[in-house]
Every structure is written in C-alpha cells, then in structure tokens.
Amino acid sequence: MNDQNNSGLTTDQCQRLAGFLEQAWAANRVTIDNVTVLSGGAIQENLAVSVTVVGGDYAGDHDVVLRTDAPTQVAVSLDRLQEFKVLQLAFDTGLTVPKPIVACADMGVICRPFVIMGMIGGLAPGHKLVKLPVLEAKPDALVGQLGQQLARLHQITPTAEARQRLDFLPVPK
C-alpha cells in the first residue's frame, strides 16, 4: 500500500487496521492486501478490503467491507456503531444483510469509528437493477423478494437483551 493512494486509507492506517484485526480475530497475523473505495457512499464511506488472516478462527483470505462515516453526515442517521448493533439483530433474525463482523470505536486505528462486515456481491443502484435480464423475464421477482424481507423485518420482536443494546432507538408509540 502506498501512502494516501486512492484506497481511502493511508499505509499507516492499513497497518493499524491489521493490528486491530489481529487482536479482534485472535490471529497470528493479518495482512491488508487491497483496499478500494466502493461507490455510492454519500453519508457513509464504504471500502472493499481484502485481507489474509493467519491463525485464529477467521483464518484465510477474505473480502470484507469497512464502513465508516463520510465527511458529510445527516444528523438523524445512526452512527456506524449503532448501525452495527441494528445489523447484528437483522442478521440474527435471518434478514438478507451483510454479516456484521466487528465494530471499532478506537480513533487511533483509522481516525474514526468503523465497522467491518461481510461483502455481498451484486448491484444496489435502482437504475441498474431494473435493467437486469432476470427482471425483464420475471419483473415481479425483485418486488416479491423485497416484500418477504420487509415482512421479516416487521416480525422482529427484540428480546429484553436486544432492547438494551438498541436503547438509542426511539420506542414506537
């Protein structure tokens, strides 16, 4: 990694991130192999990070997403650590969301809080989704899948423990 490349992280930040992940994953060594900026982050910055992990339960080569706040923020948005807690509940409930892996509030790692989550392939921009050949053949397929996910989302009843972890969310009236 060269310093201040187009990856969104400096060489020093990559080294500190590798050290943080070594501790978080109880690994012998973590190497940051590649970092690239993912498009579409107006409120959050999303980086694709390729890592090699030696030792520990997470050993192997992995592609993950590092998500942090972008310089522009919306006051009513959840911060990344809050978002991580919501993502954990959604994942544990079986919703189709990236697997939450680890959250970090330590400003000494990359100079801002961040979360690491699994990478899910595919497209998100609506103007591209509607042009996919599969949707031309079955235009209601995406709508049906979205409906199933929304139904699951609305069936979530957090346990007392989950409500404590989500105490930053307003209680619906």
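Which residue in E3 is the bridge partner of Ser50? In this predicted model, the partner of Ser50 is Asp63. This pair belongs to the contact between E2 and E3, two strands that run antiparallel and are joined by 10 bridges. The description below begins with the chain as a whole and then returns to these strands.

The chain holds seven helices and five strands. Their order along the sequence is α-β-β-β-α-β-α-β-α-α-α-α. Along the principal axes, the C-alpha atoms of the chain occupy a box of roughly 45 × 45 × 35 Å. Of the 173 residues in the chain, 31% are buried. Among contacts with a separation of 6 or more, 51% are made by residues 24 or more positions apart. The exposed surface of the chain comes to about 10900 Å², and 55% of that area is supplied by carbon and sulfur atoms. Charged side chains number 14 positive and 17 negative, with the centres of the two sets 7 Å apart.

Strand E2 covers residues 44-54 and is mostly covered, with eight of its 11 residues buried. Strand E1, residues 29-37, pairs with E2 in the antiparallel sense over eight bridges. Within this pairing, Ala48 in E2 stands opposite Thr36. E2 is also joined to E3 in an antiparallel arrangement, through 10 bridges. In addition to the pair of Ser50 and Asp63, Asn46 has Arg67 in E3 as its bridge partner. The hairpin of E2 and E3 has five residues between the strands, and Gly55 in this hairpin takes a positive phi near 85°. E3 pairs in turn with strand E5, residues 114-118, again in the antiparallel sense and over five bridges. In that pairing, Leu66 has Ile116 of E5 as its bridge partner.

Arg67 was examined in further detail. This residue lies in strand E3, which spans residues 60-69. Arg67 has a relative accessible area of 16% and therefore counts as buried, the cut-off being under 20%. The side chain of Arg67 makes polar contacts with two side chains of E2 residues: one with Gln44 at 3.1 Å, and one with Asn46 at 2.9 Å. Asn46 is thus linked to Arg67 by a side-chain contact and also as its bridge partner. With residues up to four places away in sequence left out, Arg67 touches Gln44, Glu45, Asn46, Arg80, Glu83, Phe114, Val115 and Met117. Among these neighbours, Phe114, Val115 and Met117 fall in the range of strand E5, residues 114-118.

A second buried position was examined in strand E1, where Val30 is placed. Val30 is classed as buried because its relative accessible area is 5%, under the 20% limit. Leaving out residues up to four places away in sequence, Val30 touches Ala18, Leu21, Glu22, Trp25, Val51, Thr52 and Val53. Of these, Val51, Thr52 and Val53 lie within E2, residues 44-54, the strand with which E1 pairs. Val30 and Tyr58 are separated by 28 residues in sequence, and their C-alpha atoms are 10.0 Å apart in space.

Technical notes:
Residues are numbered from 1 along each chain as its sequence is written. This is a predicted model: local features need pLDDT of at least 70, side-chain atom pairs count only at pLDDT 80 or more; totals for chains, interfaces and linings use all residues. Side-chain values use heavy atoms; hydrogens and water are left out. Helices (H or I, at least four residues) and strands (E, at least two) are DSSP runs, numbered from the N terminus. Buried means under 20% relative accessible area, exposed over 50%, partly exposed in between (1.4 Å probe, protein chains only). Contact means heavy atoms within 4.5 Å. Accessible areas come from the Shrake-Rupley method with a 1.4 Å probe; for residues, only the protein chains shown count as cover. Lys and Arg count as positive and Asp and Glu as negative; His and the chain ends are not counted. The place of a charge is taken as NZ of Lys, CZ of Arg, CG of Asp or CD of Glu. A polar contact is a pair of N or O atoms within 3.5 Å; within protein, one must be able to donate a hydrogen and the other to accept it, and residues adjacent in sequence count only if both atoms are side-chain atoms. Two strands pair if DSSP finds at least two bridges between them.
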